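Biologist: Put the structure up, please. I want to ask how each label is earned.

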Amino acid sequence: MTGSLTNPAATSRDATSPDAAAPRTAPDAAPDHDASTRRRILQLVAADGPVSAADLAAALDLAAAGVRRHLQALEQAEQITVHEGPAASRGRGRPARRYVVTAPGQAALSQGYAEIAADALHFLAHAAGPDALERFAEHRVRELEDRHAAAVEAAGVDVAARAEALALALAGDGYAASARPVPGASVVQLCQGHCPVQEIAAQFPQLCEAETRAFGRLLGVHVQRLSTLTSGGHVCTTSVPTVPTRTADVDPTGPPDPAAGR
């Protein structure tokens with residue numbers, strides 16, 4: 001690349017000319033880097049939210065001021081919002097602002113296949129009947145079970161360890177999943193901060209119901225779905241009792257857990 005230091009003609013230009021005054025840079029480099037960092041922050045908010053700027057800065061090894069700039073941009077784009085639930089205070093002063101992903105943020109993390117997938121499922125239901133959707137949903141989660149059964153079994157009989165192994169496996173599938181113990185209770189919350197098929201699941205709840213049944217079978221306990229992204233929650237939360245029960249299934253209509261979404 002040539003510039004005023006290597007092009008002799010440039011030295012004879014008037015210092016006030018636009019060409020002389022404007023240094024040549026790579027204009028796309030900074031925006032591309034910002035977009036990459038912003039997407040990584042969005043993914044972390046989805047996985048770990050509600051999460052603070054300080055937490056994100058520590059996770060990414062970035063300056064807190066830079067992270068706050070990205071958070072402000074994501075908030076202005078309505079991809080994240082401040083969580084209104086209780087937040088731990090850091091000593092004196094106001095509690096730290098903690099962020100969760102919004103529906104537009106979830107859409108930004110998703111792929112663009114939702115429309116054609118929805119059309120295909122609508123066609124399936126019309127051509128083969130509602131039972132076909134149930135069978136498809138069960139077929140889909142059976143593949144998930146087959147894929148992750150070995151990793152869950154390798155965690156042993158401890159239900160909390162199995163939930164942690166399942167969360168790690170789901171994170172590898174793009175679900176931004178984590179296993180969060182509930183203080184003072186024999187319960188772990190299996191949280192999914194992102195759902196790659198959220199737009200489809202909103203139209204076909206059979207997918208969520210089948211997935212939750214699969215979690216119960218994998219973990220070997222009676223699990224309960226407390227909140228979902230499709231119903232407006234900032235995370236899908238499944239309550240997993242760490243004391244084994246005889247029923248390895250799910251009660252999708254059980255009473256809400258007051259600890260949901262922590």
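Modeller: What follows is a short round of questions on labels and the values behind them.

Biologist: What kind of model is this, and what does the protein contain?

Modeller: The model is predicted. The protein has 11 helices and seven strands. Of its 262 residues, 39% are buried. The accessible surface is about 14600 Å², and carbon and sulfur atoms hold 55% of that. Among contacts with a separation of 6 or more, 61% join residues 24 or more positions apart.

Biologist: Why is E138 called buried?

Modeller: The cut-off for buried is under 20% relative accessible area. E138 has 19% relative accessibility, so E138 counts as buried.

Biologist: Where does E138 lie, and which residues does E138 touch?

Modeller: E138 lies in helix α8, residues 130-154. Leaving aside residues up to four places away in sequence, E138 touches A210, R213 and R217.

Biologist: What makes the E138 and R217 pair a polar contact?

Modeller: The limit is 3.5 Å between N or O atoms, with one able to donate a hydrogen and the other to accept it. The side chains of E138 and R217 make such a contact at 2.7 Å.

Biologist: How many disulfides does the structure hold?

Modeller: The structure holds zero disulfides.

Biologist: Why is C195 not bonded to C236?

Modeller: A disulfide needs cysteine sulfur atoms within 2.5 Å. The closest cysteine sulfur to that of C195 is in C236, at 5.9 Å, so the two are too far apart for a bond. Seen from the other end, C236 is in no disulfide, and its nearest cysteine sulfur is that of C195.

Biologist: Are C195 and C236 buried or exposed?

Modeller: Buried is under 20%. C195 has a relative accessible area of 10%, so C195 is buried. C236 has 6%, so C236 is buried.

Biologist: What is the strand order in the three-strand sheet?

Modeller: The order is β1-β3-β2, in an open sheet with antiparallel pairing.

Biologist: Why do β1 and β2 stand at the edges?

Modeller: β1 (51-52) and β2 (80-82) each have a single partner strand, so one side of each lacks a neighbour in the sheet.

Biologist: How do you know that β2 and β3 pair?

Modeller: Pairing takes at least two bridges. Three bridges join β2 to β3 (residues 98-101), and the strands run antiparallel. One bridge partner to note is V100 in β3, opposite T81. Helix α5 (residues 64-76) packs on this sheet and touches β2 and β3. The direction of α5 makes about 105° with that of β2.

Biologist: Which order do the strands of the four-strand sheet take?

Modeller: That open sheet runs β4-β5-β7-β6, with antiparallel pairing. Its edge strands are β4 (177-181) and β6 (224-227), each pairing on one side only. From one strand to the next, the twist averages 30°.

Biologist: What makes β6 and β7 a pair?

Modeller: At least two bridges are needed. β6 and β7 (residues 236-241) have three, in the antiparallel sense. S227 has T237 in β7 as its bridge partner.

Biologist: Which helices lie across these strands?

Modeller: Helix α9 (residues 159-172) lies across β4, β5 (187-192) and β7, at about 160° to β4. Helix α11 (residues 206-219) lies across β5, β6 and β7, at about 130° to β6.

Key:
Residues numbered from 1 in each chain as written. Predicted model: local features only at pLDDT ≥ 70, side-chain atom pairs only at ≥ 80, totals over all residues. Heavy atoms only, no water. Helix = DSSP H or I, 4+ residues; strand = E, 2+ residues; numbered from the N terminus. Contact = heavy atoms within 4.5 Å. Axes fitted to C-alpha atoms, helices over the stretch in contact; angles between N-to-C directions. Buried < 20%, exposed > 50% of the residue type's maximum accessible area, 1.4 Å probe, protein only. Areas by Shrake-Rupley, 256 points an atom, 1.4 Å probe, with all protein chains shown as cover.
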